Amino acid sequence: MADTKQIEDKTKEPEDELAGSEAPLLEHLVELRKRLIYSAITIVVLMAFCFIFASTIYDWLLIPYKNAVPGANLIFTAPQELFFTYLNVALFGAIFLGFPIVASQIYMFVAPGLYKHERKAFLPYLVATPIFFVAGAALVYFIVLPMALHFFAGMQTADIQMLTSVSEYLGLAMLLILAFGVCFQLPVILTLLAQIDLIHVDTLKKGRRYAIVGILIFAAFITPPDPISQIGLALPMYALYELSIISVRMIEKRRAAALAAQEAELSGSSE
């Protein structure tokens, strides 16, 4: 009887972890509004800060263009174009720098509704999120963007020269950097879902063919209509998908070993 009572107490522990965390819908909406306001304030403050250094950020973003198209100059065709370009550059810098803060606000919103082991599972991914984001941005900056620019510049002829607008180039560069940074969160998201037992390795294996089609369609929509950018995004995303399968498999093996050890402990105590 005592052993039965002990086992029942252990099964009740996960339920008790959420005790006191229930809240009406209105309180959840108030909390969501607070997190959105904090995130918006972060972006606005960082945007004002980045606008001071907009010309420096602009020069850094211009390096791939200068390396890929030596001697070429960017132009602007409207008096206000350069000013709004600097505003976009400041917004880009704010999103880039504020991404970890926004991710932490998301965590603080969902954490009260999670079990203790689920909250622990979230924390490592708050560290991995900005790392993968920077890795995706670096891939664009050093590899994909220069290759795409070489491809476009190679289409010039003696009669047709490439005169690129500053807003169009920076729009392309910033879009690719942010898109790759977000897409590189794929293993983080899938591994986190596996950590809280919402996705399994068999599901990912069976969905591999659909994932390939989805990745190709997504790459075609998010990148310019050139094969360099599309392949440059599709191949890393598929590699990250395979990396996610390996990571999820390791998590399931670790979970199975922990369950086996727990069952052995319970059977030993019952004897």
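Which residues does Phe 180 touch, not counting residues up to four places away in sequence? Select Phe 180 and display its contacts (heavy atoms within 4.5 Å): Gly 136, Leu 139, Val 140, Val 144, Ser 229, Gly 232 and Leu 233. The model is predicted, so local features need pLDDT of at least 70 and side-chain atom pairs count only at pLDDT 80 or more, while totals for chains, interfaces and linings use all residues. Residues are numbered from 1 along each chain as its sequence is written, and side-chain values use heavy atoms, with hydrogens and water left out.

**The cores.** Next, widen the selection to the largest nonpolar core, in which Phe 180 is among the residues touching the most other members, together with Leu 61, Tyr 65, Leu 74, Leu 145, Tyr 169 and Leu 170. Such a core is a set of buried Ala, Val, Leu, Ile, Met, Phe, Trp, Tyr and Cys residues joined through side-chain atoms within 4.5 Å, where buried means under 20% relative accessible area, exposed over 50% and partly exposed in between, with a 1.4 Å probe and protein chains only. This core has 33 residues, and the helices supplying at least two of them each include α3 (54-68), α5 (116-153) and α6 (166-183); α6 gives the most, with ten residues. Helices here are DSSP runs of H or I, at least four residues long, numbered from the N terminus. A second, separate core of 17 residues includes Ala 194, Ile 199, Ile 245 and Ile 251.

**Helix α4.** Now select residues 81-110 and look at Gly 98, where α4 bends by about 55° and is followed within four residues by Pro 100; the bend is the angle between axes fitted to the seven residues ending at a position and the seven starting there. Gly 98 is buried, as are Phe 92, Phe 99 and Tyr 107, among others in α4.

**Salt bridges.** Finally, display the three salt bridges found in the whole structure, each defined by a side-chain nitrogen of Lys or Arg within 4 Å of a carboxyl oxygen of Asp or Glu. In helix α2 (residues 25-52), Glu 31 meets Lys 34 at 3.4 Å, N to O, and Arg 35 at 2.8 Å, N to O, so that Glu 31, Lys 34 and Arg 35 are linked in a network. Arg 35 is buried at 13% relative accessible area, whereas Glu 31 is partly exposed at 22%. The remaining stop is Arg 208 with Glu 242, at 2.7 Å, N to O; Arg 208 lies in α9 and Glu 242 in α10, so the pair ties together parts 34 residues apart in sequence.

Key. Helix = DSSP H or I, 4+ residues; strand = E, 2+ residues; numbered from the N terminus.
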